[in-house]
Amino acid sequence: MSSIKEIIKREPFEKFRGKPEVDPTKCIGCAACANACPPQAIIARDEDGFRIIEFSFGRCIFCGRCEESCPTGAVKLSSNYLLATTTKDDLKLVMKFRLAKCRKCGRLFATERQIEHAISEVEKAGYTNIEDLREAQYYCPECRAKLFAERVLLSLKFFRGEV
Amino acid sequence: MSIITVINELSEKFKDAILEKQILTEKFGIIKVDKNTFLDVIDYAYNALGGHLLTMAGTDLTPIIGKYVLDYVIGYLRDRTKLIVRLELKSNEKSFPSAVLKVPCLDYYEREVMEMLGLTPEGHPNPKRLLLPEDWPSDATPLNKSFEYNKRVETKGETYPLKKGAITIGPVNPELEEPIRLILYAENGKIKEAIVEQGFNYRGIEKLAEGKLNYEKIHFLAERICGICGYTHSECYVQAIEKIAGEPPERAKYLRTIMLEVERIHSHLLWLAIAAKVIGYVDGALKLLHIRELIMDVAELVTGSRKMYGLMTIGGVRRDIDDKIKEKVKENIKKIESEFRSMLEAQEFKDVLNKLKGIGILSKEDAKKLSVVGPTARASGIKTDIRKDYPYEAYKDVDFEVQVVDAEDIYGRAIVRAYEIFESIKIIEQCLDNLPEGPIINDDIEFIPEMKLSIGMSEAPRGADVHYLITGRNNTVYRWRVRAPTYANIQAVPKMLEGEPVDNALVVYLSIDPCIACCERVIVIENGKRYYYRPKFRIRR
């Protein structure tokens, strides 16, 4: 029996917005797409030390907001428009990312991949003091701010000659 | 003439009755009116000053100022101004004076306020439910802020009985695309009384927008109000937001105008095809649909989709076009023009159109009284077109004519639509030729101000589409009221049907190009489950 794709010969035109294809190796689990998705076809939640990102293509409206918001280009709208299926699970994609703990307060604050991505971005920007910046990425934003404030205070004291 | 003269005239006449005057812009003002003299003020503002009703919205502002606010938006065509007559009710007042006898087109609006906010219109001749089921509990009023957006309500299963001898068409009928029910009472084969019953599809899109989404997502929801004129709805919503947040760049305005006209062409061709099918001219219907495919290709090329363009965003558009696309669009449009013109000029088509003469008459006075919009109004000799009256996007720069016919019947409505297609083609060509260079999006818009009132208007293929909007805290929308063109036009259907043979009922009803999805603002989806507020037995009956 020939498949539906063979029967329907019509090729989608250029720029067609079809089913979003996700490259799990590129995804860093930042959940920007889940924030941008108007019909909530992408849902992100944190569970037992993992961040779970769930795509339900059945609810997708093919607007392409996920593609626009993705920082790494992991989501791309393909030209595939034949989503008919007999099993509902075919229209689901679940990705799990391990969350990292803050080195100071121990809060789960971002996925490990997000931290790696941040470090590589820092390296790309060409900062010389990389080790310092790399270490800063392992602290949650609040702790990082405290750490930075402490350092500034220390240097102020140093200049005033108090240390 | 600006809005100040209108407000001055009203305040001179009514003096103490007007509690507060507020002039927002040169063309837009608000007057707050005392409840006791409200009827006289609205009568004078609408009938004596020659206004037309744009929309009416009731808002539950009890969590903020402890009041219900009813806004009657009246437009004055001759000086292109908008006036809001505002009636404020304290939270313990549960009724307001009904102005239906003075302003007949307020019928639907007041009934909607009644069921959605739980306020009774005092003196309304026919205070029936409009959108909610008949067995909906009367204390559950969905648009009150205390009502959760995903609440489920138990219904009992009671219905209003029909009078004896009623002929009903619908809600399920092969000739009707959407669920609606025409209840006809006939004498000697002529219709004596007609009632249009709707609300089979209501799923509360406005509540969803107010409860769940932020302002950046609602234009996608607005696009899904209607399958034919969705882009116009998103245009209206975006316009309302941009009036208070910031202007889009020029290039975006031109691209939006092109797509709005593309939508108009495809909608008019579809209407002509459906009308041809209903009167038995299937040959012509197929031919028209064939021509329509060319314009669908244009939509595909520019936006990446046949319908649900997804082109709109706050502050601009999401896709640009290049010279290659421009050429292809021009080529397709030329083809449409030549093919459609040759079809119009063929004797066969003329004969078919002539059959429609003298059916479904809506006189100019009635049309004015009922605030009818779009091609339905233009066929009755009223020169009204939002593109000319309240210019938006690039319409102030392009040159086109408003098609007006004094026919007052279905023939007029068909002719107006047919010739509007050529005007749309003219507009698209001008926009493509004068497309300015530059960015397509204004990135400065990030936050919208709190508690601001704004009205977005555009000319949908079926008429004036009006969105009334109040912004809320944290980039949300507090109140969003969609007035689709069919909402205004469908109130004229009983008038058109009076005295017609029963056989013509469907054609007359279809002649306004009804779009029930627009009227009822469909779809509520939450976590994968669909909530249908209307019980199933209703359709079985």
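A:Phe148 sits in helix α6 of chain A, which spans residues 141-160. The model is predicted. A:Phe148 is exposed, because its relative accessible area is 58% and the exposed class begins over 50%. This side chain also takes part in a surface feature. Together with A:Val152, A:Leu153 and A:Leu156, A:Phe148 makes a nonpolar surface patch of about 380 Å². An α-helix has 3.6 residues a turn, so residues three or four places apart point the same way.

Next comes the interface of the two chains. The size of an interface is often given as the accessible area lost when the parts come together. For chain B and chain A, that buried area is about 1,600 Å². Carbon and sulfur atoms carry 38% of it. On the chain B side, 26 residues are in contact, and they meet 17 residues of chain A.

What charged pairing links the chains? There is one salt bridge between chain B and chain A. A:Glu68 and B:Arg318 form a salt bridge through their side chains, at 3.0 Å from N to O. Polar contacts also cross the interface: eight residue pairs are found, with both partners at pLDDT 80 or more. Which elements of chain B give two or more residues to the side that touches chain A? They are α9 (282-303), α10 (323-345) and β16 (525-526). The largest share comes from α9(B), with five residues.

Past helix α9 of chain B, the loop leading to β11 (312-313) holds B:Met308. Phi of B:Met308 is positive, about 55°, although the residue is not a glycine. Most residues other than glycine have a negative phi. B:Met308 is partly exposed, because its relative accessibility of 25% falls between the 20% and 50% limits.

A second residue of this kind lies towards the start of chain B. B:Lys15 occupies the loop between α1 (3-14) and β1 (18-25). Its phi is near 45°, again a positive value in a residue other than glycine. Is B:Lys15 buried or exposed? B:Lys15 counts as exposed, because its relative accessibility is 60%.

Helix α2 of chain B, residues 38-48, contains B:Tyr44. Leaving out residues up to four places away in sequence, B:Tyr44 touches B:Glu9, B:Leu10, B:Lys13, B:Phe14 and B:Leu49. B:Tyr68 is 24 residues from B:Tyr44 along the chain, and their C-alpha atoms are separated by 23 Å.

Now turn to the covered parts of chain B. B:Ser95 belongs to strand β6, residues 95-97. B:Ser95 counts as buried, because its relative accessibility is 14% and the limit is under 20%. Its side chain makes a polar contact of 2.7 Å with the side chain of B:Glu122. Beyond residues up to four places away in sequence, B:Ser95 touches B:Lys35, B:Leu89 and B:Thr120 as well as B:Glu122.

How many residues of helix α4 of chain B are buried? Eleven of its eleven residues are, and the helix covers residues 107-117. The buried set in α4(B) includes charged residues, among them B:Asp107, B:Glu110, B:Arg111, B:Glu112 and B:Glu115. It also includes B:Tyr108, B:Tyr109, B:Val113, B:Met114, B:Met116 and B:Leu117. Just after α4(B), B:Gly118 takes a positive phi of about 75°.

How values were computed: Residues are numbered from 1 along each chain as its sequence is written. Chains are lettered from A and ligands numbered from 1 in the order in which they are written. This is a predicted model: local features need pLDDT of at least 70, side-chain atom pairs count only at pLDDT 80 or more; totals for chains, interfaces and linings use all residues. Side-chain values use heavy atoms; hydrogens and water are left out. Patches are made of residues with over 30% relative accessible area and no salt bridge: like charges are joined within 9 Å, nonpolar side chains (Val, Leu, Ile, Met, Phe, Trp, Tyr) within 5 Å. Accessible areas come from the Shrake-Rupley method with a 1.4 Å probe; for residues, only the protein chains shown count as cover. A salt bridge is a side-chain nitrogen of Lys or Arg within 4 Å of a carboxyl oxygen of Asp or Glu. Helices (H or I, at least four residues) and strands (E, at least two) are DSSP runs, numbered from the N terminus. Buried means under 20% relative accessible area, exposed over 50%, partly exposed in between (1.4 Å probe, protein chains only). A polar contact is a pair of N or O atoms within 3.5 Å; within protein, one must be able to donate a hydrogen and the other to accept it, and residues adjacent in sequence count only if both atoms are side-chain atoms. Contact means heavy atoms within 4.5 Å. Buried area is the accessible area (1.4 Å probe) that two parts lose on being put together, summed over both.
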